[in-house]
Amino acid sequence: MKIFCSRANPTTGSVEWLEEDEHYDYHQEIARSSYADMLHDKDRNVKYYQGIQAAVSRVKDRGQKALVLDIGTGTGLLSMMAVTAGADFCYAIEVFKPMADAAVEIVEKNGFSDKIMVINKHSTEVTVGPEGDMPCRANILVTELFDTELIGEGALPSYEHAHRHLVEENCEAVPHRATIYAQLVESRRMWSWNKLFPIRVQTSLGEQVIVPPADLENCPGAPSVCDIQLNQVSPADFTVLSDVLPMFSIDFSKQVSSSAACHSRQFEPLTSGRAQVVLSWWDIEMDPEGKIRCTTAPFWAHSDPDKMQWRDHWMQCVYFLPQEEPVVQGSALCLVAHHDDYCVWYSLQRTSPEKNERVHQMRPVCDCQAHLLWNRPRFGEINDQDRTDRYIQALSTVLKPDSVCLCVSDGSLLSMLAHRLGVEQVFTVESSAASHKLLRKIFKANHLEDKINLIEKRPELLTSEDLKDRKVSLLLGEPFFTTSLLPWHNLYFWYVRTAVDRHLGPGAVVMPQAASLHAVVVEFRDLWRIRSPCGDCEGFDVHVMDDMIKRALDFRESREAEPHPLWEYPCRSLSEPQQILAFDFRQLVPPRPLCAEGTMELRRPGRSHAAVLWMEYHLTPECTLSTGLLEPAAPEAGCCWNPHCKQAVYFFSPVPDPRAPLGGPQTVSYAVEFHPDTGDITMEFRLADTPDSPLLSNKVA
């Protein structure tokens, strides 16, 4: 059955109705899931297997039947491990129906249907009793409910309910225990992801400074964790202020509480500085003795950095203190970890709470709007002074005192740059009421509320009255729009430029004047794993899961290039960067498609995992900003990517086998087409030795 779904087109700005399969959302979830990454996580799988074997043995040694409850079974892997280890029966709980169906098929294919029952429910809906889902309580609890933050997927409420209703008292649990660790650091780079820094503008009258409003300075920020591949942050980007501190542990074999709590650790700063950021990770011990341990620690805190397991489903956490605070070497402080049922946050205190004293601190809530409108990369982008200087350089070549400037980008400070550079008549458009409120606040803090005309409406709806009957001489955009997911979605600026053409005066300047789409073929060090078939996992056949992901990827939008922040995922280029398409913003959006076909020569040996695409914006003929590669790709060195933007990754299918010898195809063919009526870009990249198929079979929106 087909259903109609509405979708806001991020490129054209229009709302479209599309005919989709009734299981469209399921396929999206599967295609973008971390199942493949988890199945490739050898360290995780082996440690779970060892822990399950030990737990089953302990139960059997007591002369009891081993009855296992597996919450969040996914593929059924852990349940199959339990039965292989000698468990008498497993109840495998999976709430996501497509996964539950896949687990049933995988269990059957591996010959365990008589000892594993897959229950398609949330664990809190499972019942125990003669008429229930389980005839009696289990005595072994196996779960993998963890995210990068450990508790962000609802592990605590699930454990709490399971101990009360589904498992025996003092049951065996795999994992047995989890411990969260924290380390206090000073980092201008990471702090720039959370606060608005003063922006310096060099003008003919000297330096002027755009300052953040007081409530942005004082705002505690958003409660959401910033999860990243911390191993890719250079040690030069932060100063360690504390040792690694074990903040708190959770014993999963006993009753777990999801109630709010706090845990304090006293420490002496290793050096003086400004406490800004808490880096955090966790480990899980699969057995009571703590001999079987799986950790997410970064390399500097890892017991064996050379044998670290790469994984993307568990990374590391960056938390921001409500305010930066000075610390003095050797002067004792207390780091406090707070948590509720789903969220962790940190505070710094001068004295340790008494043993029986509760520290009452609510989850931090943004009250300045900025943390709700700007994500972490956007904060970093706005705070990038080098990037700002490029805009200032370009603006200085085209602005005149009598210029009429219209700025079109979401939550952009370009209008302030234009005014500081001497333009008296500046208009800026914000379609969001919240963004309008935030910019008004920033303007007021800089005494510009009467200098810049802030218009709250969609730019396509602008009237001459909005512009005070003035003709625009400079249309300015970063461009940046919050609805953009893929690099080319910011081509919405071109549609806006077309819509406001009637408001542009003769000889009006459009900045950026043009854009171009670029691509390079790369070999990833690790990211290929998220799209690589698993086949066999610890001796169990999971081809069903591989096939399921492949079918999901055959859906239209599941098949499109994926946005990834590639500064976190090392890769090296196998081809030279190549311009694919060009877009001239000085002209209106054309009525006919823009097409490009060609080949990319692979100049270096390696495994071709993907084509990476990005946009470059040509502010002027002499000034270009790249959302992708920042430096020419060196033959042996890794690629240097813009850290504020996500690049588009088009994985080749099938992903090359890492065990295969180097070599293979020497070229990649491509066909790319921009459709002006929809704003879509259709593309196909194909290795030279893949079977022939019609180009442009993949639609990328």
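In this predicted model, E172 pairs up with R58 in a salt bridge whose closest N and O atoms sit 2.9 Å apart. E172 belongs to strand β7 (residues 167-174) and R58 to helix α3 (residues 42-61), so the contact ties together parts of the chain that are 114 residues apart in sequence. As for solvent, both E172 and R58 are buried. The pair belongs to a longer tally: searching the whole structure turns up 34 salt bridges.

A second case plays out within a single helix. R164 and E160 join through their side chains in a salt bridge, with 3.6 Å from N to O. These residues are four apart in helix α6 (residues 155-165), so about one helical turn separates R164 from E160. Their surroundings are not alike on the accessibility scale: R164 comes out as partly exposed at 49% relative accessibility, whereas E160, with a relative accessible area of 13%, is buried. The cut-off behind that call is 20%, under which a residue counts as buried, so E160 qualifies at 13%.

Further along the chain, D526 and R525 also meet through their side chains, and this salt bridge spans 3.0 Å from N to O. D526 is another buried partner, since its relative accessibility is 9%. Salt bridges also link up beyond simple pairs: D41, D43, K47 and R311 are joined into one network by bridges that share partners.

Note on methods
Residues are numbered from 1 along each chain as its sequence is written. This is a predicted model: local features need pLDDT of at least 70, side-chain atom pairs count only at pLDDT 80 or more; totals for chains, interfaces and linings use all residues. Side-chain values use heavy atoms; hydrogens and water are left out. A salt bridge is a side-chain nitrogen of Lys or Arg within 4 Å of a carboxyl oxygen of Asp or Glu. Helices (H or I, at least four residues) and strands (E, at least two) are DSSP runs, numbered from the N terminus. Buried means under 20% relative accessible area, exposed over 50%, partly exposed in between (1.4 Å probe, protein chains only).
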